[in-house]
Amino acid sequence: MKYKLDFELVPDSCWYSNLRTILSKKQWDFIKADAKERAEGKCMICGRKTDRLEAHERWSYDEENCVQKLEDIVSICKDCHNVIHIGRTQLKGDEERAEKHFMKVNNCSYAEYRQALGKANEEHKRRNLVPEWKLYLTYLKRYIND
């Protein structure tokens, strides 16, 4: 099942391959501001209005070709971000709140939450078998003036 809000478990070897570590602060701030402007003050996943939007990088993974590709940068609320990064959220001891948010946004049961989490964990385990991911950042071309 495809959910509006889902888990995005990053392969362990890609944990520090993010724009905040690759770009300068000025470049990252510009990209964050663009995502926030597109969001128009609402979480781009659950639609909740908030002044405290967080930038989230959306990645796709081509396991056959070992490619981690940046697909989008979205502005989302803290609750959606905590669901997406459920592993970190569990370590912080805040899983119950994330469970409730996942079920509310997706209008699903606890059993469906557990099933989706199990699927995400299997995907994560499989992606961790890839020894090294190539990073594709073609999405960023939209910010470059020719």
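**Notes on a predicted model**

1. Let's start with helix H5, residues 95-106. Its 12 residues, at 1.5 Å a residue, should span 16 Å, and the C-alpha atoms at its ends are indeed 16 Å apart, so the expected and computed lengths agree. Keep in mind that you're looking at a predicted model.

2. Which residues of H5 are buried? They are Glu95, Ala98, Glu99, His101, Phe102, Met103, Val105 and Asn106. Here's a handy rule for reading such a list: an α-helix has 3.6 residues a turn, so residues three or four places apart point the same way. Try it on Ala98, His101 and Val105, which are among the buried ones. The cover over the buried residues of H5 includes helix H3 (78-84), helix H4 (86-91) and helix H6 (110-127). Right after H5 comes Asn107, and its phi is positive, near 50°.

3. Now for the sheet. It's an open one with three strands in the order E1-E2-E3, and its pairing is mixed. E1 and E3 are the edge strands, since each of them pairs on one side only. From one strand to the next, the twist averages 35°.

4. Where does the "mixed" part come from? Take the two pairings in turn. Strand E1 (residues 54-62) runs antiparallel to E2, and the two share nine bridges. One residue pair to look for is Ser60 with its bridge partner in E2, Lys69. The hairpin made by E1 and E2 has four residues between the strands, and Cys66 in this hairpin has a positive phi near 60°.

5. On the other side, E2 pairs with strand E3 (residues 134-136) in the parallel sense, over three bridges. Val67 sits opposite Lys134 in E3, and Lys69 sits opposite Tyr136 in E3. That makes Lys69 a nice residue to click on, as Lys69 is also the bridge partner of Ser60.

6. Is strand E2 mostly covered or mostly open? Mostly covered: of the 10 residues in E2 (residues 67-76), seven are buried. Helix H2 (residues 25-39) lies across E1 and E2, and makes an angle of about 60° with E2. When you look along a strand, remember that in a regular strand the side chains alternate between the two faces of the sheet.

7. Ile73, in strand E2, deserves a closer look. Its relative accessible area is 0%, which is why Ile73 counts as buried. Ile73 touches Leu19, Trp28, Ile31, Ala35, Arg38, Ala55, His56, Glu57, Tyr139 and Leu140, leaving aside residues up to four places away in sequence. For a sense of scale, Ile73 and Trp15 are 58 residues apart in sequence, and their C-alpha atoms are 16 Å apart in space.

8. His81 is in helix H3. Buried or exposed? At 9% relative accessibility, His81 falls under the 20% cut-off, so His81 counts as buried. Leaving aside residues up to four places away in sequence, His81 touches Glu54, Ala55, His56, Ile76 and Arg88. Ala55 and His56 are also among the residues that Ile73 touches.

9. Last, the largest pocket, which holds about 1200 Å³ of space. Its lining has 44 residues, and those nearest the centre are Glu8, Leu9, Val10, Ile84 and His85. E1, E2, H3, H4 and H6 are the elements that give two or more residues to this lining. Which element gives the most to the lining? H6 does, with 10 residues.

Methods. Residues numbered from 1 in each chain as written. Predicted model: local features only at pLDDT ≥ 70, side-chain atom pairs only at ≥ 80, totals over all residues. Heavy atoms only, no water. Buried < 20%, exposed > 50% of the residue type's maximum accessible area, 1.4 Å probe, protein only. Pairing = 2+ DSSP bridges. Expected span 1.5 Å × (residues − 1). Contact = heavy atoms within 4.5 Å. Axes fitted to C-alpha atoms, helices over the stretch in contact; angles between N-to-C directions. 1 Å grid on protein atoms, 1.4 Å probe; cavity = no way out; pocket = protein on both sides within 12 Å on 5 of 7 lines; lining within 4 Å. Points joined across faces, edges and corners; volume = space filled by probe spheres on them.
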